[in-house]
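Please open the model in your viewer and keep the sequence panel beside it. The stops below say what to select next and what is there.

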Amino acid sequence: MTIEPTERAAATQPHHLSALEQAAALRKGELSAVELVEHYVRRIDDLDGVLGAFVTVTADAALAQAAEADAALRDGDERPLLGVPTAVKDLAVTAGVRTTFGSPVYADYVPEVDDDSARLLRAAGTISLGKTATPEFGLPPYTEPAGRPPAVTPWDLGRLAGGSSGGAGAATAGGLVPFAHGTDGGGSIRIPAAACGLVGLKTSRGLVSRGPVGGDPLGMSVSGPLARTVADAAALLDALAVLVPGEPYPLLARPSSYLAATGEPPPRLRIGRYATPPVPGVVVDPACLAAYEDASRLLAGLGHEIVDDFDPGIEVGFLPAFEVLWAVLSHGHPVPPEAEPLLAPLTRWWRDRGAAVSGPEYMAATQAAIGVTRRVVAAQAAVDVVLTPMLAQLPRPVGWFTAGGDPGAGLRAAEGLHPVRRDLQHHGPARTEPAGELGERERRRGTAGVGAARGPGGRRRPPARAGRGAGGGSGLDRTNPADLVAPPSPGRKRRSAMMSSWPWSCPTARPRCSRPSART
């Protein structure tokens, strides 16, 4: 199969610009918001059938908002992101726009309220192009929703984009939006960022509101950005990190601007690093270790102190307690008994386990999670940054997790992909970013929290044409240049740098029948 770029002109196309560059072009009148939205809608029409990034495209609503943004720009509105397109993950409710939570049970559900993240993004002036794909209820670390194309990484169309923010990762890396909203309970932002060569940030608990209807008792699931640059991620976080009254875990200490903070050079940092997974028997792929070592050498060369064999404070014995919590959290979305057969086998497997958990068992698992949080935070107080591989393996081929038909076996396979997730999932923040981007930025100003692993195939940029990829799906024709995302600067390395993992996000809502078309 061939993916033909919509435009092949030598001049830079709008999707080659960062979100902040697009915002600047809008303010200068070099682009209009309507033109920008139209450009991205054309790219979605051309490429999303292969990337599997979107569940619902709200083109008409986006164009109407773009016209309003253009008028506001002419009137001198100075909101930094006014008129810049984005997308909202389909685990966040959106008023008047179908929200499926990745499940056929909610195929007809149209919420009456917005998730706070969707509301805040709109208030910041960004324009949502629709809802990005997620697996059912955000449970697995891959995005292959029933009845829809899988979300794949643009670096290799035969390999998965991760999950549960896989659609957001594919959309951002594929140039269908400049940045996107995601959610992360234990890897849902960071896994797709690793698989797609992006910057992904799991925010600290309480920094971004999960209201008014969502959340979980432990506050594991948070909203955060996926972007192609650190500055874009910071700008999107500025829009999201607005204190909302009633948040059960409010984080009151926050800078006035994350974007402004990216321009401040850090002091010499003490960086703890480790590459041994906390899951026994898991071996990290040599490519992941090579990028981890590259990042370590780069940071040491910049004058930072590297602490080898850092103990993150995690205990191997926490896995059973984590699985108890995950099983109970799988019940966060109400499912009528008559609709249970519509659920995916993995979802039913988790929910069956969750239904069998007693109150005392759940209390014990909750206490274990709180204990892990305290130990990890205490251990990491000895360093400024922790460096670790995000994934133990390269992104897996389409169908790799589900090929055997055994949900339990798929879970164990997932543990082999991202075994370091438990280190950082119960507190925050944690970030994935490309190693090459780290190097380029570091040579200008310093460092931040990263981990390390090589991107799919070691490619410098995603290809424009698709041949046969891993696992027999559409993949790379490695002889053709890219147009799915902005070409990197000359000499920039695009190997993925990665950090921790696992997904969950679950705003509570009840299904009702009022289904719009997939394109509104």
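Begin with the whole chain in cartoon view, where the protein shows 14 helices and 14 strands; helices (H or I, at least four residues) and strands (E, at least two) are DSSP runs, numbered from the N terminus. The model is a predicted one, in which local features need pLDDT of at least 70 and side-chain atom pairs count only at pLDDT 80 or more, while totals for chains, interfaces and linings use all residues. Residues are numbered from 1 along each chain as its sequence is written, and side-chain values use heavy atoms, with hydrogens and water left out.

Colour next by accessibility: of the 520 residues, 63% count as buried, where buried means under 20% relative accessible area, exposed over 50% and partly exposed in between (1.4 Å probe, protein chains only). The protein exposes about 18600 Å², of which carbon and sulfur atoms supply 55%; these areas come from the Shrake-Rupley method with a 1.4 Å probe, and for residues only the protein chains shown count as cover. Among the contacts (heavy atoms within 4.5 Å) with a separation of 6 or more, 80% involve residues 24 or more positions apart.

Now select residues 54-57, 85-89 and 127-132, which are strand 1, strand 2 and strand 3. These 3 strands form an open sheet in the order 1-3-2 with mixed pairing, two strands being paired if DSSP finds at least two bridges between them. Strand 1 and strand 2 stand at the edges with a single partner strand each, so one side of each is left without a neighbour in the sheet. From one strand to the next the twist averages 35 degrees. Strand 2 and strand 3 run parallel and are joined by 4 bridges; to see one of the pairs, pick proline 85, whose bridge partner in strand 3 is isoleucine 127. Add helix 3 (residues 59-74), which packs on the sheet, touches strand 1 and strand 3, and has a direction at about 160 degrees to that of strand 3.

Move to strand 8 (residues 222-227), where 6 of 6 residues are buried. Which strands pair with strand 8 here? Strand 6 (residues 179-184) does so in the antiparallel sense over 6 bridges, with alanine 180 facing leucine 226 as its bridge partner. Strand 7 (residues 199-202) also runs antiparallel to strand 8, joined by 2 bridges, and valine 199 stands opposite alanine 227.

For the helix stop, select helix 10 (residues 319-329) and helix 12 (residues 359-380), which pack at an angle of about 120 degrees with their axes 9 Å apart. Axes are lines fitted to C-alpha atoms, for helices over the stretch in contact, and angles run from 0 to 180 degrees between N-to-C directions. The two helices, helix 10 and helix 12, are therefore oblique to each other, since angles under 35 degrees count as roughly parallel, over 145 as roughly antiparallel, 65 to 115 as roughly perpendicular and the rest as oblique. Side chains to display at the contact include Ala321, Val324, Leu325 and Val328 of helix 10, with Tyr362 and Ala365 among those of helix 12.

Centre on valine 328, which counts as partly exposed at 23% relative accessibility and touches Gly354, Val357 and Tyr362, not counting residues up to four places away in sequence. Valine 328 and alanine 356 are 28 residues apart in sequence and 8.9 Å apart in space, C-alpha to C-alpha.

Finish at serine 18, in the segment before helix 1 (19-28). Serine 18 counts as buried at 13% relative accessibility and, not counting residues up to four places away in sequence, touches Arg228, Thr229 and Asp232.
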